[in-house]
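Dear colleague,

Please find below the structure that I am handing over to you. I would be grateful if you could look through it before reading the notes that come after it.

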Amino acid sequence: MSTATSSPITVTLTGAGGQIGYALLFRIAAGELLGPNVTVRLKLLEIPAGIAGAEGAALELQDGAFPLLDSVNVTDSAAAAFDGTNVALLVGSRPRGPGMERADLLAANGAIFGPQGAAINEHAASDIRVVVVGNPANTNALIAQAHAPDVPRERFTALTRLDHNRALGQLSAKLGIPVRDMDGVTIWGNHSATQYPDVSHATAGGTPVRDLVDDAWLANEFIPRVANRGAEIIEVRGSSSVGSAASATVDHVFDWVNGQRGRWTSVALPSDGSYGVPEGLVSSFPAESVDGKWRIVQGLELNAFSTSRIAASVAELATEREQVQGLGLL
Ligand SMILES: NC(=O)C1=CN([C@@H]2O[C@H](COP(=O)(O)OP(=O)(O)OC[C@H]3O[C@@H](n4cnc5c(N)ncnc54)[C@H](O)[C@@H]3O)[C@@H](O)[C@H]2O)C=CC1
Ligand SMILES: O=C([O-])CC(=O)C(=O)O
């Protein structure tokens with residue numbers, strides 16, 4: 001039996017009337033986002049066209065009689081949605097379709113994140129934590145962060161946990177070792193096809209992964225499969241990942257708030273210059289959650305292949321930053 005805490009945590013979900021929103025809401029209400037003893041106030045932000053979907057989901061949440069759910073409010077006002085919020089899940093934005101790259105969404109979606117960053121700056125609680133899921137997630141997080149000058153910048157993150165989980169899934173299938181016995185996997189760079197899923201420091205069942213797989217499998221199968229998994233899912237199901245994206249969002253926030261469950265993970269964070277990534281770019285790093293804060297795993301040796309793969313993805317992030325500067329979004 002869980003003992004509910006007395007002060008509820010306010011969680012704001014944007015795009016609550018959409019696919020990922022729907023998959024997330026029931027896991028949040030069940031206590032999986034923050035923990036089984038934490039009560040939650042939900043605020044659901046939608047644009048007018050999506051309000052009915054969010055209201056329908058709110059009715060279903062009521063019907064779920066979740067003991068940890070204090071209240072659910074649906075609004076199309078960013079100021080109301082972020083008022084007092086502790087955790088903001090920025091999902092609302094257009095998904096890509098077949099044949100598109102995530103960066104193709106920059107102009108369409110980028111404009112959403114400046115006003116939301118400003119509303120967070122103005123209205124959110126002082127301990128606000130933000131995760132951007134809407135694509136292109138890294139650069140949208142950069143835009144939101146740039147509009148929230150009073151919020152410590154490391155509170156703005158973008159989701160690469162899905163890529164991280166995909167990497168674990170691929171390794172597990174290849175090696176026949178459960179994901180729970182893996183550690184040290186990293187996604188570097190952008191949540192895009194240029195990302196670098198890196199197993200140089202990974203272990204599976206205590207053995208270095210580099211002793212278990214060959215370079216050809218890594219370069220020709222593993223890396224492209226993980227980096228292009230979003231497109232593969234779109235191809236197979238006709239629309240982008242939903243359940244796995246919601247699940248990765250839950251993993252990201254749970255670990256951030258509650259601390260690591262033993263292993264390091266991957267998080268896109270505003271760079272502090274670590275590993276040569278230009279300061280401020282929101283890039284994925286190996287990270288551990290310590291005392292409620294993400295800490296980049298330091299001191300990893302990078303070989304020439306890793307260095308060049310990270311540089312390529314970071315160069316793409318720098319180009320995206322230039323593009324949104326050009327669009328007047330930064
Ligand atoms: N970072 C990641 O790992 C992943 C990111 N995604 C991205 O997540 C986003 C959402 O995907 P889905 O839920 O499948 O899309 P969806 O189209 O089903 O839902 C998006 C919802 O956002 C709402 N919305 C649009 N503009 C908004 C705004 N300004 N404020 C609040 N809500 C707004 C829409 O009305 C819609 O209900 C997409 O950008 C998709 O590419 C998807 C999978 C993985
Ligand atoms: O690929 C997409 O457009 C959706 C997404 O970000 C993913 O599944 O990783």
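The notes below go from the model as a whole to its ligands and one helix.

This is a predicted model, in which local features need pLDDT of at least 70 and side-chain atom pairs count only at pLDDT 80 or more, while totals for chains, interfaces and linings use all residues. Residues are numbered from 1 along each chain as its sequence is written, and chains are lettered from A and ligands numbered from 1 in the order in which they are written.

Confidence comes first. The mean pLDDT (the predictor's confidence in each residue, from 0 to 100) of the protein chain is 95, and 98% of its residues reach 70 or more. The scores of the model are ipTM 0.99 and pTM 0.97.

As to the overall fold, the protein chain contains 10 helices and 14 strands (DSSP runs, H or I of at least four residues for helices and E of at least two for strands, numbered from the N terminus). Its radius of gyration, taken over C-alpha atoms, is 19 Å, close to the 20 Å given for 330 residues by the globule rule (2.2 Å times the number of residues to the power 0.38), so the chain is as compact as a globular protein of that length. Of the 330 residues, 47% are buried, that is, they have 20 or more other C-beta atoms, placed from the backbone, within 10 Å of their own.

An unreviewed UniProt entry annotates residues 11-151 as "domain: Lactate/malate dehydrogenase N-terminal"; such annotations may be inferred rather than shown by experiment. This span is 40% helix and 18% strand, and its end C-alpha atoms lie 17 Å apart.

Two ligands deserve attention. A residue is counted around a ligand if its C-beta atom, placed from the backbone, lies within 6 Å of it. Ligand 1 has 31 such residues, of which Gly15, Gly18, Ile20, Gly50 and Gly92 come nearest. Helix α1 (residues 19-29) gives the most to this shell, with 3 residues. Around ligand 2 are residues including Arg96, Arg102, Asn135 and Ser240, and helix α8 (residues 229-237) gives the most there, with 3 residues.

Finally, helix α5 (residues 137-146) has 10 of its 10 residues buried, so it is largely enclosed by the rest of the structure. Among these buried residues are Asn138, Leu142 and Gln145.

With kind regards

Note on methods
A residue is buried if 20 or more other C-beta atoms lie within 10 Å of its own, exposed if 12 or fewer, and partly exposed in between; C-beta atoms are placed from the backbone.
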